[in-house]
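Biologist: I'm new to this one, so I'd like to ask how the labels are earned. Could you show me the model, and then we'll go through them?

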Amino acid sequence: MSQLFSPLEIGKLSLENRIVIAPMCQYSAEQGRATAWHRIHLGNLSLSGAGLLIVEAAAVQEDGRITPQDLGLWNDETEAALADVLKDIRQYSTMPLGIQLSHAGRKASTDVPWRGGGFLTPEQHGWQTKAPSALPFNDGDGTPHALSLTELDEVKQAFVESAKRADRLGFELIEVHAAHGYLLHQFLSPLANKREDNYGGSLENRMRFVLEVFSAVRAAVPASKPVGVRISATDWVEGGWDIEQSVALSQALEAIGCDYMHVSSGGLAPQQQISVGPNYQVPLAEAVKKAVTIPVIAVGLITEPKQAEAVLHSQQADAVALARGMLYDPRWPWHAAAELGEKVQAPPQYWRCEPHEVKGLFKQ
């Protein structure tokens, strides 16, 4: 059996294979509520044969959305809308579903990417952003409000309440978003965190809020439900968050019950210098994997089945996540199974599409 199609245990959750569909913001919600777009989009991906589908970042507070069109999970209305979508998906797919919980911090209140993604003022239906320190992401953005200790507790509780909602919705996995320059990542990076209290300065202090949020989420849901963290392993900026600090954070998270690490990079500062190419983030996942015993997911321009297989075979990661590649080819796991001589789940309505040269591709 190939490594890519071998089973994987994340906490107490069993995955049929090691292909993960990474969270991808769709900017198609209405006041945080999932829409028909999510039913179509997630329904399509849930029939792909991947081992796990992680739903896009869901804001834990209304002002934690990246855009006004972001998915949310902060009140009964957003929970009910997502429940309606999930009901239809689960009628036809047995794929495990996870959800990523997030707060955008100073990168909130922006327009959707296809309209340029620029900062939105209150007059443009934007809002006051908040962050560890009163430092905007871009010079032209509004200055974020520096969170008080009381407000930190409120954000932490918002993560907890959203985690409880995710549990009620039946998600099999929860991912805390501490990557891509959003609020939790902002606390980690010395480029965004200039606080002079117990949440700023030293590495221990900068990690404190992420560890507290994770611990609170972990305690809020059943121990049988895996909770992991997505990180940006480096800011790609000199003097910023880096792989050595990411290793320390990963070890600290493992010590308090983290079930897996999902390793990405960047997004914290416009000054980032990234040399993008195939597997460009895999060495970051490998460094984390060498330092922890929990599963590590690698992501970043992993586009070919044999490429993914090589990452796993060389023990650089325990699973691979695809995002844009899965949008481009929503049947990527089928094609990977065909190329590697494996079998994959597919709905019976599609069994007749099996190519003649790969008979036996679909599990029946």
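Biologist: What makes Asp318 count as buried or exposed?

Modeller: Keep in mind that this is a predicted model. Asp318 has a relative accessible area of 14%, and buried means under 20%, so Asp318 is called buried.

Biologist: And its partner, Lys289: why is that one called partly exposed?

Modeller: Lys289 comes out at 22% relative accessibility. Partly exposed lies between the 20% and 50% cut-offs, so Lys289 gets that label.

Biologist: How do you know that Lys289 and Asp318 form a salt bridge?

Modeller: Their side chains meet at 2.9 Å, N to O. The rule asks for a Lys or Arg side-chain nitrogen within 4 Å of an Asp or Glu carboxyl oxygen, so the pair passes. The pair also links distant parts of the chain: Lys289 sits in helix H7 and Asp318 in the loop between helix H8 and strand S12, 29 residues apart.

Biologist: How many salt bridges does that rule give?

Modeller: The count comes to 17. Among them is Lys164 with Glu161, at 3.8 Å, N to O. That value is within 4 Å, so the pair is in.

Biologist: What separates Lys164 and Glu161 along helix H3?

Modeller: About one helical turn, because they are 3 residues apart in that helix. Lys164 has a relative accessible area of 33%, and Glu161 has 35%. Each value falls between 20% and 50%, so both residues are partly exposed.

Biologist: What about Asp167 and Lys225: why is that a salt bridge?

Modeller: The closest N and O atoms are 2.6 Å apart, and the limit is 4 Å, so they qualify. Asp167 belongs to helix H3, while Lys225 is in the loop between helix H5 and S9, 58 residues apart. As for accessibility, Lys225 is buried, at 11%, whereas Asp167 is partly exposed, at 24%.

Biologist: Now the strands. How do you know that S9 and S10 pair?

Modeller: DSSP has to find at least two bridges. S9 and S10 are joined by 4 bridges, so they pair, and they run parallel. One of the contacts has Ile231 with Val263 as its bridge partner in S10.

Biologist: What makes S10 and S11 a pair?

Modeller: They have 3 bridges, against a minimum of two, so they pair as well, again running parallel. Val263 stands opposite Ala298 in S11. The chain gets from S10 to S11 through helix H7, in a right-handed β-α-β crossover.

Conventions: Residues numbered from 1 in each chain as written. Predicted model: local features only at pLDDT ≥ 70, side-chain atom pairs only at ≥ 80, totals over all residues. Heavy atoms only, no water. Right-handed = clockwise from strand over helix to strand, strands pointing away. Buried < 20%, exposed > 50% of the residue type's maximum accessible area, 1.4 Å probe, protein only.
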